[in-house]
Amino acid sequence: MNDILISVERLRQCLAEPGLLILDASVELPAPAFDGDYRVASGLPAWRQGHIPGARHADLLHELADPEAPFSFALPGSERLGAALGRLGVGEARRIVIYDRHDGFWAARLWWTLRSLGIPARVLDGGLKAWRGVGLAVHEGDEPAASPGSPLQASPRPGYWVDSGQVEAIAAGQAPGQLVCTLSAGLFEGSAVTRYARRGHIPGSHNRPSRSLLDDQGRYLPRAVLGKRLGDELLRGEEPLVLYCGGGISAAAVALGLTLLGREKVSIYDGSLQEWASIAELPMTTGAAPA
């Protein structure tokens, strides 16, 4: 799985290679000030203020989401998704590199989306902060308009995404699977302010905070350390893993970490707590995960 991440130095070396498509997947999601304080904005203005030369902005909030869904960032239907990826030039690209300007979670989300379609891509380890950190230049303003690409056939393969019904069956013991919440311990336990309708987690969930997989510079930890953070219970188990967070974003960073270590049978609950917590009939609980 060494082809999932790409270093800043390697990306710098191949900037001029033909067929390289760099995508900035950034979204702005401020920390909540009170329960239910959900504010989200496009990363396009920040992209215009500075991005890796040649990078196009991939709009996870609008273009690459279902506008009719009751939660943000919902995976759109095949036609909408294929058209949006075509406009970005995904179909013509020989190599795709994704990054964001925050903690890499948005990049991981787009990587997982492409992976579910059978489209290979790499994530810039450390993202824009790592790029800036070694003094490399960024471009301000818009990039030259891209030639409109053809729509892609964008039908996600089975096993990458699950819905609330499938999660409910796992939580009730009616279907195999382990639920993994990738939010912080405070959000999992219900002691921290949440953006969502209720505090806590889905009963029976494990807790593997996504940020625990990254170092202080936002890069993924070495494989041995990553394995310890994720734990044998998840890495060696036979049951499918279903990851969730607030909106299916930080869960993608954990999915990437698991994939780096060769774990298969991993899915993301797309609606995550933004959907689950809003449905009063669905169970949630608070408190720490069992030891």
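**Exercises on Helices 8 and 4**

Helix 9 (232-235) and helix 10 (250-260) are among the elements that cover the buried residues of helix 8. The model is predicted.

**Exercise 1.** Determine which residues of helix 8 are buried and how they are arranged around its axis.

*Solution.*
1. A residue counts as buried when its relative accessible area is under 20%.
2. Within helix 8, which comprises residues 223-230, L226, G227 and L230 are buried.
3. Viewed down the axis of helix 8, these buried residues fall within an arc of 100°, so they line one face of the helix.
4. An α-helix has 3.6 residues a turn, and therefore residues three or four places apart point the same way.
5. A224 and K228, on the other side of helix 8, are exposed.
6. Just after helix 8 comes G231, which takes a positive phi of about 90°.

**Exercise 2.** State the span of helix 4 and decide whether helix 4 is largely enclosed or not.

*Solution.*
1. Helix 4 (residues 105-116) has 12 residues.
2. From its first C-alpha to its last, helix 4 reaches 16 Å, close to the 16 Å expected at 1.5 Å a residue.
3. Of the 12 residues of helix 4, 11 are buried, so the helix is largely enclosed by the rest of the structure.
4. The buried residues include F105, W106, R109, W111 and W112.
5. After helix 4 comes G118, whose phi is positive, near 80°.

**Exercise 3.** Identify the aromatic cluster that contains W111.

*Solution.*
1. Two aromatic rings pair if their centres lie within 6.5 Å.
2. By this rule, the count is 5 aromatic pairs.
3. W111 forms one aromatic cluster with W112 and Y160.
4. Both W111 and W112 are among the buried residues of helix 4.

Notes
Residues numbered from 1 in each chain as written. Predicted model: local features only at pLDDT ≥ 70, side-chain atom pairs only at ≥ 80, totals over all residues. Heavy atoms only, no water. Buried < 20%, exposed > 50% of the residue type's maximum accessible area, 1.4 Å probe, protein only. Helix = DSSP H or I, 4+ residues; strand = E, 2+ residues; numbered from the N terminus. Arc of directions from axis to C-beta. Contact = heavy atoms within 4.5 Å. Phe/Tyr/Trp six-rings, centres within 6.5 Å; stacked < 30°, edge-to-face > 60°. Expected span 1.5 Å × (residues − 1).
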